[in-house]
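Trainee: I would like to learn how to read a structure like this one. Can we take it feature by feature?

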Amino acid sequence: MQRISVASTNLASVGYESNSRTLEVQFRNGSVYQYAGVPEAVYSGLMNAASKGSYLDAFVKKAGYPVARIA
């Protein structure tokens with residue numbers, strides 16, 4: 001999946017696949033996680049958030065989307 005670099009102290013890049021509703025996040029420490037079933041509106045919110053790390057925590061992690069570490 002192609003990711004876009006983001007301005008964030010915690011996140012390095014973010015990608016989204018609309019067909020599978022998969023959100024992929026690479027953290028500054030190099031780890032990469034995929035979150036399943038994420039609506040496109042949540043991805044858009046993340047990309048437009050002033051604090052991407054806080055948004056990810058509140059609207060993705062705490063929302064309980066299934067997650068897998070892939071790297």
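Mentor: Start with pairing: two strands pair if DSSP finds at least two bridges between them. Strands (E, at least two residues) and helices (H or I, at least four) are DSSP runs, numbered from the N terminus. This is a predicted model, where local features need pLDDT of at least 70, side-chain atom pairs count only at pLDDT 80 or more, and totals for chains, interfaces and linings use all residues. Residues are numbered from 1 along each chain as its sequence is written, and side-chain values use heavy atoms, with hydrogens and water left out.

Trainee: In S2, which residue is the bridge partner of Ser-5?

Mentor: That partner is Ser-13. Strand S1 (residues 4–5) pairs with S2 over 2 bridges, in the antiparallel sense. A hairpin of 5 residues links S1 to S2.

Trainee: How many bridges join S2 to strand S3?

Mentor: There are 6, and these strands run antiparallel. Tyr-16 has Leu-23 in S3 as its bridge partner. This hairpin has 4 residues between S2 and S3, and Arg-21 in the turn has a positive phi of about 55°.

Trainee: How do I read burial?

Mentor: Use relative accessible area: buried is under 20%, exposed is over 50%, and partly exposed lies in between (1.4 Å probe, protein chains only). Strand S2 (residues 11–17) is mostly covered, with 6 of its 7 residues buried.

Trainee: And what is a nonpolar core?

Mentor: In soluble globular proteins, nonpolar side chains tend to be buried together. A core here is a set of buried Ala, Val, Leu, Ile, Met, Phe, Trp, Tyr and Cys residues joined through side-chain atoms within 4.5 Å. The largest one has 16 residues, and Val-25 and Leu-56 are among those with the most contacts inside it. S2, S3, helix H1 (40–48) and helix H2 (52–61) each supply at least two residues of this core.

Trainee: What does Val-25 touch?

Mentor: Contact means heavy atoms within 4.5 Å. Not counting residues up to four places away in sequence, Val-25 touches Leu-11, Ser-13, Ser-31, Val-32, Tyr-33, Tyr-35 and Leu-56.

Trainee: Is Lys-52 buried or exposed?

Mentor: Lys-52, in helix H2, is buried yet has no salt bridge. A salt bridge needs a side-chain nitrogen of Lys or Arg within 4 Å of a carboxyl oxygen of Asp or Glu. Lys and Arg count as positive, Asp and Glu as negative; His and the chain ends are not counted. The nearest side chain of opposite charge, Glu-40, is 16 Å away from Lys-52.
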